[in-house]
Amino acid sequence: MYVHLDLALQLLNAGEVVAFPTETVYGLGGRIDNEVALKKIFSIKARPFFDPLIVHVPSIESARSLTTSWPPVYDVLARAFWPGPLTLICDKLDSLSPLITSGLTTVGLRVPRHPLALELLTKVGVGLAAPSANRFGRTSPTSASHVEAEFNGEVAVLDGGPCEVGLESTVLRASLTNAQSNHWRIEILRPGGVSNAEIRNALSQAGLSFDIKRTESVASPGHLKAHYQPTRPVILMKNRKWSDDLLPDIQRRLQLSEALRPVRLELDADPRLAARRLYSQLRQLAEKPNALIIVERKPEQSDESWDAIWDRLERASTLQI
Ligand code: TXA
Ligand code: MG
């Protein structure tokens, strides 16, 4: 059900949830101070309570108001990338509902870059907790019509057009390597819309001492091995090219009775465009009858700017060959 900004506001203030556009993917938002709304987010998505939600705010100041500490490294990152596709894991204020953080002592915060999201957040006046507006484990929506299809028109959607980035935000946590040092450890919990190169660049320019590493965090179930999955199986060809000869073996391994029809996912050569189009391509291919979605990983698609894309495709895939 499509709604305008005023109705979206009324619904949120009445404890309802509303899907809204961000530059990454559409979010399913509820007021952070309304437990009924927070519970609805989990039930509509069929999302387990152990998966914490990101809180969206309109400014650095409002982000800071939800944390007990704001290290200088976050100030540098927030000034460089907010509004934008970066989520910072911060020590949370006690009063924030444990429903948002799954009982963790930290909260993920981000200022999205979409003008409608910023207007909505400014008018609501409190943060909106919002996961991606899809059923748990499924492909994230990058247009309002994806949200409509995902929830059979039963969720209120604010239409802000197609998402510019198309992949979720980068989620990171920073900590000092030890209390005496001035050296920051940056852990990437989920690669996303801001690349490692961009993060390194911003921190170097600010003269900070740091290292960056990828962490598979139990605290970040967006890292579950199976996630972001379309409704049809995806075969990720990591080491060899696809050949129809593989079909009988795959058919047997996936234990599917229908005659599978291989369809190709062709990624754009530019990683930014590839990211922007990825989820809607997956959705379109999954609509083809009996589709078996094939993705080939090409050698030229392996530099860092492709990290987030391959992270999602690995989790979306049923088999890797
Ligand atoms: O781009 C995005 O981040 C989108 C838009 C709507 O903002 N949101 C999104 O939310 O992707 P969701 O719920 O699908 O993914 C949030 C990820 C999850 O992997 C979650 O585990 C992690 O962020 N996360 C949230 N709070 C965390 C925390 N306190 N510690 C570690 N990971 C956290
Ligand atoms: Mg999600």
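**View 1. The largest pocket of this predicted model.** The largest pocket holds about 770 Å³. Of its 39 lining residues, G192, S305, D307, A308 and I309 sit closest to the centre. A pocket here is an open set of points on a 1 Å grid over the protein atoms alone, where a 1.4 Å probe fits and protein lies on both sides within 12 Å along at least five of seven lines; lining residues have an atom within 4 Å of a point. The volume is the space filled by probe spheres set on the points, with grid points joined across faces, edges and corners.

At least two lining residues apiece come from α8 (196–205), β11 (209–214), α10 (271–286) and α11 (307–316). Helix α11 chips in the most, with seven. Helices (H or I, at least four residues) and strands (E, at least two) are DSSP runs, numbered from the N terminus. By class, the lining splits into 14 nonpolar, nine polar and 16 charged residues. Nonpolar covers Ala, Val, Leu, Ile, Met, Phe, Trp, Tyr, Cys and Pro; charged covers Asp, Glu, Lys and Arg; the others, Gly among them, count as polar.

**View 2. The second largest pocket.** This one has about 590 Å³ of space. It is lined by 40 residues, and R47, P52, I54, V171 and R190 are the closest to its centre. Two or more lining residues come from each of β4 (54–56), α5 (98–101), β6 (106–110), β9 (170–176) and β10 (183–190). Strand β6 has the largest share, four residues. The class tally for this lining reads 17 nonpolar, 15 polar and eight charged.

**View 3. The eleven-stranded sheet.** Here's an open sheet with mixed pairing, ordered β1-β8-β2-β3-β7-β4-β6-β5-β9-β10-β11. Strands count as paired if DSSP finds at least two bridges between them. At the edges are β1 (2–3) and β11, each pairing on one side only. Strands β2 (18–20) and β8 (156–158) run parallel and share two bridges, with A19 opposite V157 in β8.

**View 4. Helix α4 and the burial of Y74.** Helix α4 (72–81) lies across β5 (86–91), β9 and β10, and runs at about 155° to β5. Angles run from 0 to 180 degrees between N-to-C directions, with axes fitted as lines to C-alpha atoms, for helices over the stretch in contact. Y74 belongs to this helix. Its relative accessible area is 2%, so Y74 counts as buried (under 20%, against over 50% for exposed and partly exposed in between, using a 1.4 Å probe and protein chains only). Neighbours within four places in sequence aside, Y74 is in contact with L88, I89, C90, L172, R173 and A174; contact means heavy atoms within 4.5 Å.

**View 5. The four-stranded sheet and helix α10.** Four strands in the order β13-β14-β12-β15 make an open sheet with parallel pairing. The edge strands β13 (261–264) and β15 (319–320) have a single partner each, so one side of each has no neighbour in the sheet. Strands β12 (234–237) and β14 (291–296) pair over four bridges, and V295 in β14 is the bridge partner of L236. Helix α10 packs on this sheet, touching β12, β13 and β14, and its direction makes about 145° with that of β14.

**Notes for all views.** Residues are numbered from 1 along each chain as its sequence is written, while chains are lettered from A and ligands numbered from 1 in the order in which they are written. In this predicted model, local features need pLDDT of at least 70, side-chain atom pairs count only at pLDDT 80 or more, and totals for chains, interfaces and linings use all residues; side-chain values use heavy atoms, leaving out hydrogens and water.
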